[in-house]
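Reader: Before I rely on any label attached to this model, I would like to hear the reasoning that leads to it.

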Amino acid sequence: MSKYDFLLVGAGLFNAVFAIEAAKEGKRCLVVEQRSHIGGNLYCENIAGINVHMHGAHIFHTDNESIWNYMQELCSFNHYVNSPLAKYKDELYNLPFNMNTFYQLWKTITPADALKKIESQCLKIDNPKNFEEQALCLVGYDIYNKLIKGYTEKQWGKKTRDLPAFIIKRIPLRFSFNNNYFNDPYQGIPVGGYNPIFKKCFSKADTLLDTNFLLNRELSDMAKTVIYTGMIDQYFDYCYGALEYRSLRFEHQQFSRKCCN
Ligand SMILES: Cc1cc2nc3c(=O)[nH]c(=O)nc-3n(C[C@H](O)[C@H](O)[C@H](O)COP(=O)(O)OP(=O)(O)OC[C@H]3O[C@@H](n4cnc5c(N)ncnc54)[C@H](O)[C@@H]3O)c2cc1C
């Protein structure tokens with residue numbers, strides 16, 4: 001008989017919710033995580049009193065009230081609203097593209113003027129062949145050149161002309177002065193960071209850290225069912241080659257601030 005009902009590969013958000021719900025049903029879980037910590041992409045480290053999201057900033061957001069209420073049992077949220085800024089050369093622009101962005105680009109003040117400017121710049125062709133043409137059709141050259149091209153090429157590691165058009169079927173443009181990145185009514189960051197949530201979720205599970213499941217596949221004998229949240233091409237030993245992923249490399253820098261009062 002298997003010792004566990006579920007072998008959960010990966011200690012990220014998906015398996016965390018799975019583990020806490022399985023425990024409520026009396027099911028036994030073994031978590032196998034290749035990193036030396038639980039939390040997946042949401043893992044935080046406290047650096048100089050700040051909860052640093054080590055794998056990129058994460059903002060919890062949902063339009064579903066029952067999901068929001070579910071989370072209240074695991075943490076309390078602050079009132080963070082994500083309103084990012086993009087830096088292009090020495091210029092700063094609000095995202096997502098909205099009336100503030102259009103003002104920063106062209107000093108347009110009304111939605112009608114902004115729309116006119118965008119339409120005057122849009123490429124007018126019927127069948128865009130690649131990402132670049134598609135983006136130029138949708139938003140014109142200023143937005144594309146300053147706020148889309150470099151960002152996209154860095155993340156995909158490819159020229160936009162070599163990326164397919166379907167990646168961006170639409171680019172949301174807001175004709176209001178709203179810098180809120182998400183449309184969801186419920187959003188925030190857990191007070192105290194994400195780690196305590198994961199501790200609670202996995203509290204009833206056994207956990208093996210620093211263990212790559214793919215190098216220890218015999219672990220699957222320990223459970224009736226395996227739930228795998230790693231990379232799918234890796235799982236199948238790249239039998240169809242490596243998938244192309246959009247990816248990021250994080251470089252952390254710490255700046256000290258001299259306080260004057
Ligand atoms: C930079 C960035 C910012 C993001 N910001 C947001 C945001 O603000 N809001 C939002 O809602 N979503 C955001 N996301 C998306 C969010 O991170 C994911 O949707 C979520 O983390 C997915 O959870 P998961 O459990 O499926 O995967 P993950 O969090 O990736 O967890 C998978 C875990 O599996 C482990 N693993 C993989 N392979 C193996 C193996 N072979 N053996 C053992 N362990 C393995 C990994 O180490 C990892 O810990 C962001 C993503 C990124 C990359």
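Author: What follows takes up the ligand and then a pair of helices, and the model is a predicted one.

Reader: What makes the backbone of Phe14 a polar contact of the ligand?

Author: A backbone N or O atom of Phe14 lies 3.0 Å from an oxygen atom of the ligand, and a polar contact is a pair of N or O atoms within 3.5 Å, so this pair qualifies. The backbone of Phe213 also supplies an N or O atom, 3.0 Å from a nitrogen atom of the ligand.

Reader: How do you know that the side chain of Arg35 qualifies too?

Author: A polar side-chain atom of Arg35 lies 3.4 Å from an oxygen atom of the ligand, and because the cut-off is 3.5 Å, this pair counts as a polar contact. Of the 1000 Å² of accessible area that the ligand has on its own, the protein covers 71%.

Reader: Which residues come closest to the ligand, and how is the shell composed?

Author: The ligand is surrounded by 26 residues, of which Phe14, Glu33, His58, Ile59 and Asn212 are the closest. By class, the shell holds 12 nonpolar, 12 polar and 2 charged residues.

Reader: At what angle do helices H3 and H4 cross, and with which handedness?

Author: The axes of H3 (residues 99–106) and H4 (residues 111–121) come within 10 Å and cross at roughly 65 degrees, and the crossing is left-handed. Met99, Phe102 and Trp106 of H3 make the contact with Pro111, Ala114, Lys117, Ile118 and Gln121 of H4.

Reader: Why is Lys117 classed as the charged residue of that contact?

Author: The contact has 6 nonpolar, 1 polar and 1 charged residues, and Lys117 is the charged one because Lys is counted in that class.

Definitions and conventions. Residues are numbered from 1 along each chain as its sequence is written. This is a predicted model: local features need pLDDT of at least 70, side-chain atom pairs count only at pLDDT 80 or more; totals for chains, interfaces and linings use all residues. Side-chain values use heavy atoms; hydrogens and water are left out. A residue is near a molecule or strand if one of its heavy atoms lies within 4 Å of it. A polar contact is a pair of N or O atoms within 3.5 Å; within protein, one must be able to donate a hydrogen and the other to accept it, and residues adjacent in sequence count only if both atoms are side-chain atoms. Accessible areas come from the Shrake-Rupley method with a 1.4 Å probe; for residues, only the protein chains shown count as cover. Axes are lines fitted to C-alpha atoms, for helices over the stretch in contact, and angles run from 0 to 180 degrees between N-to-C directions. Helices (H or I, at least four residues) and strands (E, at least two) are DSSP runs, numbered from the N terminus. A crossing is left-handed if the near helix is turned anticlockwise from the far one by less than a right angle, and right-handed if clockwise. Contact means heavy atoms within 4.5 Å.
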